[in-house]
Amino acid sequence: MTFKKCKWQAFLPSCFKVDETTLKSNNEQKKQSSSPRLSWSDWSSNSTISEDLSITLAGSNIHVFTHQELKMITHNFSSSNFLGEGGFGPVYKGFVDDKLRPGLNARPVAVKVLDLDGTQGHREWLTEVILLGELRHSNLVKLIGYCCEEDHRHLVYEYMPRGSLENQLFRRFSISLSWSIRMNIALGAAKGLASLHEAEKQVIFRDFKASNILLDSDYTAKLSDFGLAKDGPEGDQTHVTTRVMGTHGYAAPEYIMTGHLTAASDVFSYGVVLLELLTGRTSVDKNRPHREQNLVEWARPQLKDPRKLRRIMDPRLDGMYSEIGAQKAAELAYHCLSHTAKCRPSMRDVESTKNENGQCHLKNKLHQDNKIHGISSPNSPRIYSDSALEQRFIRGLKSSPAHQRLQRA
Ligand SMILES: Nc1ncnc2c1ncn2[C@@H]1O[C@H](COP(=O)(O)OP(=O)(O)OP(=O)(O)O)[C@@H](O)[C@H]1O
Ligand SMILES: [Mg+2]
């Protein structure tokens with residue numbers, strides 16, 4: 001499915017761009033904070049990046065690869081290993097084992113190669129390495145390593161056999177995802193987002209959408225692409241002011257209008273993905289009649305009425321879904337898509353609602369669905385508890401020179 005990504009900044013008037021003074025004052029406020037999270041400005045000196053990163057990420061099991069090594073494991077970035085391409089650059093499948101690095105389990109990986117002419121750059125690469133180096137959760141894609149050599153900026157992730165939700169849901173010849181798999185994906189994605197919003201220092205994902213939800217062999221959803229993620233507001237701040245970035249059709253209206261970013265902006269985007277799962281339609285579809293092109297505008301007024309809801313449900317489900325489950329999911333989507341950010345639920349509330357919606361039922365059903373789709377039994381993902389995550393955060397960061405600079409500031 002070729003769904004064109006548009007960066008908001010590309011077509012928004014420049015009046016929405018935040019001036020440098022605002023950005024600087026935000027950075028200064030961050031430096032005065034007692035929190036250990038590193039901000040991008042702490043990494044501005046190119047010469048110390050590799051050194052600082054490897055110290056900061058010590059203990060997090062993130063490997064530093066050379067460009068040559070990644071070239072080798074992807075067969076010279078060959079087209080037969082090509083998985084796809086987004087704003088960051090092309091992605092290739094590769095294979096690592098302990099011959100490459102002692103301690104590396106033999107496993108397939110996905111290597112994302114920064115395209116220097118693309119829409120993203122060093123800043124996004126660095127944000128991704130820092131955040132995924134710190135944050136571990138079974139619903140966040142795992143970063144195995146990175147490469148930072150001359151102009152080369154690569155990211156090495158665990159390989160997700162089923163690719164993105166976007167491909168699974170919208171690709172023309174893909175098998176339709178069953179209702180229970182869809183709801184399990186919605187639950188996993190909610191857990192992933194909740195883990196970011198509830199991290200010791202909140203993270204706002206900022207680019208939540210179907211193409212950034214990757215699927216494991218058992219359809220476990222994992223969030224990927226942290227390049228646009230931002231630290232959440234601190235102390236008395238109600239929001240973070242930032243340039244408007246994200247993807248057309250998913251970004252929250254107040255964020256587009258003001259550049260004010262909160263966790264509620266992610267909740268809105270979550271509501272859009274929930275609508276996509278219910279209706280099987282993309283967030284924006286220029287090939288549809290004018291009033292149906294924007295999914296939220298078209299579908300939201302129909303979510304509260306069970307009869308109308310039935311009419312907008314994905315025809316590929318062929319009626320094979322729980323009516324009550326669909327009504328609950330629709331109601332949840334309705335609230336997530338509220339125009340008033342404060343009226344949206346938190347991601348934890350969303351997760352609980354989806355859990356109540358019958359996780360046990362989902363698990364059983366998922367097992368049956370897997371049999372139908374002929375899927376081999378899943379590898380159980382490594383789960384980090386919240387407190388283990390916190391300790392990891394603190395252990396990894398305390399020893400870093402950048403953290404010490406922060407402490408001195
Ligand atoms: N860890 C991974 N395992 C398997 N496939 C992956 C992995 N990461 C990315 N891909 C595939 O690579 C393709 C490009 O992904 P990428 O995240 O770079 O771009 P995108 O999400 O399509 O666009 P955007 O730049 O808007 O995020 C996608 O089709 C995705 O399925
Ligand atoms: Mg992506």
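Does Asn-212 count as buried or exposed, and at what relative accessibility? In this predicted model, Asn-212 counts as buried, with a relative accessibility of 2%.

**Figure 1. Overview of the protein chain in the predicted model.** The chain comprises 16 helices and twelve strands. Of its 409 residues, 55% are buried. Among contacts between residues at least 6 apart in sequence, 69% join residues at least 24 apart.

**Figure 2. Coordination of the magnesium ion (ligand 2) by Asn-212 and Asp-225.** The ion is bound through OD1 of Asn-212 and an OD atom of Asp-225, at 1.9 to 2.0 Å. Asn-212 belongs to the loop between strand E7 (203-204) and strand E8 (213-215), and Asp-225 to the loop between strand E9 (221-223) and strand E10 (230-231); the pair therefore ties together parts that are 13 residues apart in sequence. Asn-212 counts as buried because its relative accessibility, 2%, falls under the 20% cut-off.

**Figure 3. Surroundings of Asp-207 in the loop between E7 and E8.** The side chain of Asp-207 makes a polar contact with the side chain of Thr-247, at 2.8 Å. With a relative accessibility of 5%, Asp-207 counts as buried.

**Figure 4. The largest nonpolar core, with 86 residues.** Leu-165, Ile-213, Leu-223 and Tyr-270 touch the most other members of this core. Helix H7 (residues 179-197) supplies the largest share, ten residues. At least three residues come from each of domain 1 (8-158) and domain 2 (165-408). A second, separate core has 14 residues, including Phe-65, Leu-100, Val-113 and Val-156. In soluble globular proteins, nonpolar side chains tend to be buried together.

**Figure 5. Contacts of Ile-213.** When residues up to four places away in sequence are not counted, Ile-213 touches Gly-163, Ser-164, Leu-165, Ile-185, Ala-189, Phe-208, Ala-221, Lys-222, Leu-223 and Val-273. Two of these partners, Leu-165 and Leu-223, are also named with Ile-213 among the residues that touch the most other members of the largest nonpolar core.

**Figure 6. Helix H5 (residues 122-134) and its burial.** The 13 residues of H5 reach 18 Å from the first C-alpha to the last, close to the 18 Å expected at 1.5 Å a residue. The helix is mostly covered, with eleven of its 13 residues buried. These buried residues are Glu-124, Trp-125, Leu-126, Thr-127, Glu-128, Val-129, Ile-130, Leu-131, Leu-132, Gly-133 and Glu-134.

Terms used
Residues are numbered from 1 along each chain as its sequence is written. Chains are lettered from A and ligands numbered from 1 in the order in which they are written. This is a predicted model: local features need pLDDT of at least 70, side-chain atom pairs count only at pLDDT 80 or more; totals for chains, interfaces and linings use all residues. Side-chain values use heavy atoms; hydrogens and water are left out. Donors are N, O and S atoms within 2.8 Å of the metal (3.2 Å for Na, K and Ca); water is not among the atoms, so sites may look incomplete. Helices (H or I, at least four residues) and strands (E, at least two) are DSSP runs, numbered from the N terminus. Buried means under 20% relative accessible area, exposed over 50%, partly exposed in between (1.4 Å probe, protein chains only). The expected span of a helix is 1.5 Å times one less than its number of residues. A nonpolar core is a set of buried Ala, Val, Leu, Ile, Met, Phe, Trp, Tyr and Cys residues joined through side-chain atoms within 4.5 Å. Domain bounds come from an automatic or database domain assignment. Contact means heavy atoms within 4.5 Å. A polar contact is a pair of N or O atoms within 3.5 Å; within protein, one must be able to donate a hydrogen and the other to accept it, and residues adjacent in sequence count only if both atoms are side-chain atoms.
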